[in-house]
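Here is a short report on the fold shown below. Keep the sequence and the 3D view open while reading.

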Amino acid sequence: MTEVRIDKYLWSIRVFKTRSEATDACKGGKVRVNGNDIKPSRDVKVGDVLTYRIRVQNDAVDNSGRPVAADVTVTDIIPTGTTFKSASHDGNYDATNRTVTWNFTGDKKIAANASVVLTLEVYVDASAKGT
C-alpha cells in the first residue's frame, strides 16, 4: 500500500460496511489520523496512527423500569492490515484473537444513563490493502 483515501481504506479493511458509513464517521469526528480530525479525502499511509472512538451508552433498567448502573463488556476486533498501539480505559489487547476488551464491572460499572467514550489506536501496516 502506498497511499489511499481514509474513507476508502476504512471500508476496504471492513471497519465499516459501506464507504458512505466510513465517510460519515470521518466527517463526524469518530476517526483521527495521527491525532488529528480528518476529512474523508485525506490520504492514509503505512505508519499512520488511526484513532477510533467508540461510544458506549448504559440504558439498562431494573425490573421496575428504573435506570441502573450496569456491568458492561465491550470487545472490538483489530482490523487486518493494522497493528495495535493502545486502548483507553484499561482496554486489554489479546494478540492471538486480535481483539481489545474493556470490562466495566464491580466498582467500574457504567452509571445509569451515562456513557463512556473508548479510544483505540492502531498503526497502519505495510500489509494493509486500500483498493
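A pocket here is an open set of grid points with protein on both sides within 12 Å along at least five of seven lines, and its lining residues are those with an atom within 4 Å of a point. The model is predicted, and totals such as linings use all residues.

**The largest pocket**

Start with the largest pocket. Its volume is about 290 Å³. Its lining is made of 16 residues. V15, F16, Y52, D76 and I77 lie nearest the centre of the pocket. Two elements, β5 and β6, give two or more residues each to this lining. β5 supplies the largest share, three residues. What is the chemical character of the lining residues? Eleven are nonpolar, one is polar and four are charged.

**The five-stranded sheet**

One open sheet has five strands. Their order is β3-β2-β5-β10-β7, and the pairing is antiparallel. Which strands form the edges? They are β3 (36-37) and β7 (82-87), and each pairs on one side only. Inside this sheet, β5 and β10 are joined by nine bridges in the antiparallel sense. At one point along that pair, V49 faces Y123 of β10.

**The three-stranded sheet**

A second open sheet has three strands in the order β6-β9-β8, again with antiparallel pairing. β6 and β8 (92-94) stand at the edges with a single partner strand each, so one side of each has no neighbour in the sheet. From one strand to the next, the twist averages 20°.

β9 pairs with both β6 and β8. Its residues are mostly covered: five of the six are buried. β8 and β9 also form a hairpin with four residues between the strands. In that hairpin, R98 takes a positive phi near 55°.

The table sets out three antiparallel pairs, with a facing residue pair for each.

| Strand pair | Bridges | Facing residues |
|---|---|---|
| β5 and β10 | nine bridges | V49 and Y123 |
| β6 and β9 | six bridges | T73 and N103 |
| β8 and β9 | three bridges | N92 and T101 |

When you look along these strands, one general point helps. In a regular strand the side chains alternate between the two faces of the sheet.

**The nonpolar core**

Now turn to the largest nonpolar core. It has 30 residues. Which members touch the most others? They are I6, Y9, L10 and L50. Several elements give two or more residues to this core. The helices among them are α1 (6-12) and α2 (19-27). The strands are β2 (31-33), β5 (49-57), β6 (72-77), β9 (99-104) and β10 (115-124). β10 gives the most, with five residues.

Two strands link these topics. β5 belongs to the five-stranded sheet, contributes to the core and helps to line the largest pocket. β6 belongs to the three-stranded sheet, and this strand too appears among the contributors to the core and to the pocket lining.

**After the last listed strand**

A128 lies in the segment after β10. Is A128 buried or exposed? Its relative accessible area is 5%, so A128 is buried, the cut-off being under 20%. A128 and I13 are 115 residues apart along the chain, yet their C-alpha atoms are separated by 7.8 Å.

Technical notes
Residues are numbered from 1 along each chain as its sequence is written. This is a predicted model: local features need pLDDT of at least 70, side-chain atom pairs count only at pLDDT 80 or more; totals for chains, interfaces and linings use all residues. Side-chain values use heavy atoms; hydrogens and water are left out. A nonpolar core is a set of buried Ala, Val, Leu, Ile, Met, Phe, Trp, Tyr and Cys residues joined through side-chain atoms within 4.5 Å. Buried means under 20% relative accessible area, exposed over 50%, partly exposed in between (1.4 Å probe, protein chains only). On a 1 Å grid over the protein atoms alone, a cavity is a set of points where a 1.4 Å probe fits but cannot get out, and a pocket is an open set with protein on both sides within 12 Å along at least five of seven lines; lining residues have an atom within 4 Å of a point. Grid points are joined across faces, edges and corners, and a volume is the space filled by probe spheres set on the points. Ala, Val, Leu, Ile, Met, Phe, Trp, Tyr, Cys and Pro count as nonpolar, Asp, Glu, Lys and Arg as charged, and the others, Gly among them, as polar. Two strands pair if DSSP finds at least two bridges between them. Axes are lines fitted to C-alpha atoms, for helices over the stretch in contact, and angles run from 0 to 180 degrees between N-to-C directions.
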